[in-house]
Structure formats: C-alpha cells, structure tokens
Amino acid sequence: MAIGEDSVSVLDLLDWKRHVFALYADVRAEPDPRAAWNRWREVRARLFREHPQSPRQGYDGLDYFDYDPAWRFSAEVVPAQPESRKIAGSGPEPVVATRFAFACFVGHELELFWLEGYGGGLFLPFRDATGGSETYGGGRYLLDTIKGADLGAEGGLLVLDFNFAYNPSCAYDPKWACPLSPPANRLPVAVRAGEKKPEVGLEPTAPSLQVRCSTS
C-alpha cells in the first residue's frame with residue numbers, strides 16, 4: 001500500500017494484482033516446484049522493471065538464494081483463540097489483523113494472520129536469523145492472499161515454500177507503507193531461501209520467537 005493513495009492509479013494497481021494472481025495460479029499448477037520458482041522469479045523481475053506499480057520501477061537488482069527443496073514444507077494449521085493484533089509497519093499506522101492459527105513445521109511455528117482490510121486475507125510474514133545481514137531486517141512475506149501470494153495446500157496441509165519468500169515493498173522505497181514481521185514470527189534459524197536483502201531499504205529489528213508447536 002502506497003502512502004498517498006490519491007497519487008496511485010487504481011487501474012494500474014488492478015493490473016498489477018491481476019499479474020500477481022495469475023503468477024501464483026501458475027505456481028500452484030506447476031508440479032515441479034523448481035520450475036515454478038524459476039517462472040516466479042522471471043515474472044517478478046519483469047514486473048519490477050516495467051510495471052507502473054512496481055515497488056521500485058526500473059529496478060533490476062532482485063537477488064535470491066539458490067532454490068533449496070529442503071525449505072519446502074507442508075505445515076499443519078493449528079487453530080488458536082482469535083486475537084486482534086496491531087502489526088507495526090514502516091508507515092505511521094499499524095495494520096489490524098486477527099491471529100487465528102499457527103502453522104507448525106519441523107519443530108517451528110509461525111502465527112497466521114487474517115488481515116481485516118480489503119475484505120480479508122491470509123497473511124504470513126516472518127523474520128529469521130539472516131535478517132538485517134543477508135535478508136531484509138524488517139522480515140519477508142511468504143503468504144499474502146489479498147495481494148495474490150498464495151502457495152496453496154497439499155493433503156489438507158498449508159504449503160510453506162520459503163524459496164518464494166519475498167521482500168515487502170518498503171524494502172525498496174520508503175514511500176510504501178508495509179506491515180513488518182511481528183515479534184512472534186521470528187525464526188531462530190537462518191533461512192537461506194527466497195529473496196535476499198535489497199540494495200536499498202529500512203532495517204528495523206525485533207526479538208526472537210517462542211515456540212509452542214510439537215517437535216514431532
């Protein structure tokens with residue numbers, strides 16, 4: 001979401017969202033995750049360079065860790081008592097969301113949020129031990145279904161493929177107001193998958209994660 005929406009072309013934004021929704025539909029339909037990831041990178045690079053709603057138009061510096069299948073998981077969704085949260089962001093106002101569940105995988109957990117704006121959507125931000133050095137200090141996004149970032153499900157489990165982790169728009173230009181990773185979604189491990197730290201951006205920090213999920 002850009003600061004100063006009166007300066008934003010609604011039709012351009014609609015076109016951007018169409019591209020992103022179509023891209024993730026292709027990702028979910030592709031049986032080979034690596035091929036889907038290559039397609040995802042190709043389309044993102046073109047949108048960043050050419051689209052008027054690019055977080056940094058003309059930018060050609062998107063950089064990623066190599067694809068690593070070890071960072072693809074099928075996570076159990078564990079329901080939680082819904083709690084309203086205000087997620088701090090790069091802009092002047094927090095983002096209101098409801099924490100409704102935990103995504104549990106290999107002894108870790110991440111809180112799942114339902115964003116209250118735009119009609120609602122699943123939102124999964126995270127920060128890991130690379131934050132502020134190899135990756136953006138404000139954390140990265142894995143799922144944001146309002147914006148089309150949806151990796152789908154397999155066998156009733158939520159797909160978490162960290163190779164598709166990407167930076168929020170405010171990592172490229174402070175004119176964008178973005179929710180950042182909340183304290184509970186800080187992984188104590190280094191996730192060397194997905195998008196790397198950009199050449200420009202803000203670098204907030206935050207504390208570590210408390211794990212509640214079973215290690216089994």
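Why does R44 count as buried? R44 has 9% relative accessibility and therefore counts as buried, a term for residues under 20% relative accessible area, with exposed over 50% and partly exposed in between (1.4 Å probe, protein chains only).

This is a predicted model, in which local features need pLDDT of at least 70 and side-chain atom pairs count only at pLDDT 80 or more, while totals for chains, interfaces and linings use all residues. Residues are numbered from 1 along each chain as its sequence is written, and side-chain values use heavy atoms, with hydrogens and water left out.

**The chain**

The chain has 2 helices and 7 strands, taken as DSSP runs numbered from the N terminus (helices: H or I, at least four residues; strands: E, at least two). Their order along the sequence is α-α-β-β-β-β-β-β-β. Of its 216 residues, 47% count as buried. Among contacts (heavy atoms within 4.5 Å) with a separation of 6 or more, 65% join residues 24 or more positions apart.

**R44 and L160**

R44 is placed in helix 2. Its side chain makes a polar contact with the side chain of Y64 at 2.7 Å. A polar contact is a pair of N or O atoms within 3.5 Å; within protein, one must be able to donate a hydrogen and the other to accept it, and residues adjacent in sequence count only if both atoms are side-chain atoms. Leaving aside neighbours within four places in sequence, R44 also contacts residues including L23, L62, Y166 and E195. With the same neighbours set aside, the contacts of L160 include W71, F73, F105, L124 and L142.

**The largest nonpolar core**

A nonpolar core is a set of buried Ala, Val, Leu, Ile, Met, Phe, Trp, Tyr and Cys residues joined through side-chain atoms within 4.5 Å. The largest one holds 54 residues, of which W40, L142, L160 and F162 touch the most other members. Elements giving two or more residues to this core include helix 1 (10-29), strand 1 (72-87) and strand 7 (157-161). Helix 2 gives the most, with 6 residues.

**The second largest pocket**

The lining of this pocket has 13 residues, with V27, R28, R72, L151 and E154 nearest its centre. Helix 1, helix 2 and strand 6 (153-154) each supply at least two lining residues. The table gives the lining by class.

| Class | Lining of the second largest pocket |
|---|---|
| Nonpolar | 8 residues |
| Polar | 1 residue |
| Charged | 4 residues |

Technical notes. 1 Å grid on protein atoms, 1.4 Å probe; cavity = no way out; pocket = protein on both sides within 12 Å on 5 of 7 lines; lining within 4 Å. Nonpolar A, V, L, I, M, F, W, Y, C, P; charged D, E, K, R; others polar.
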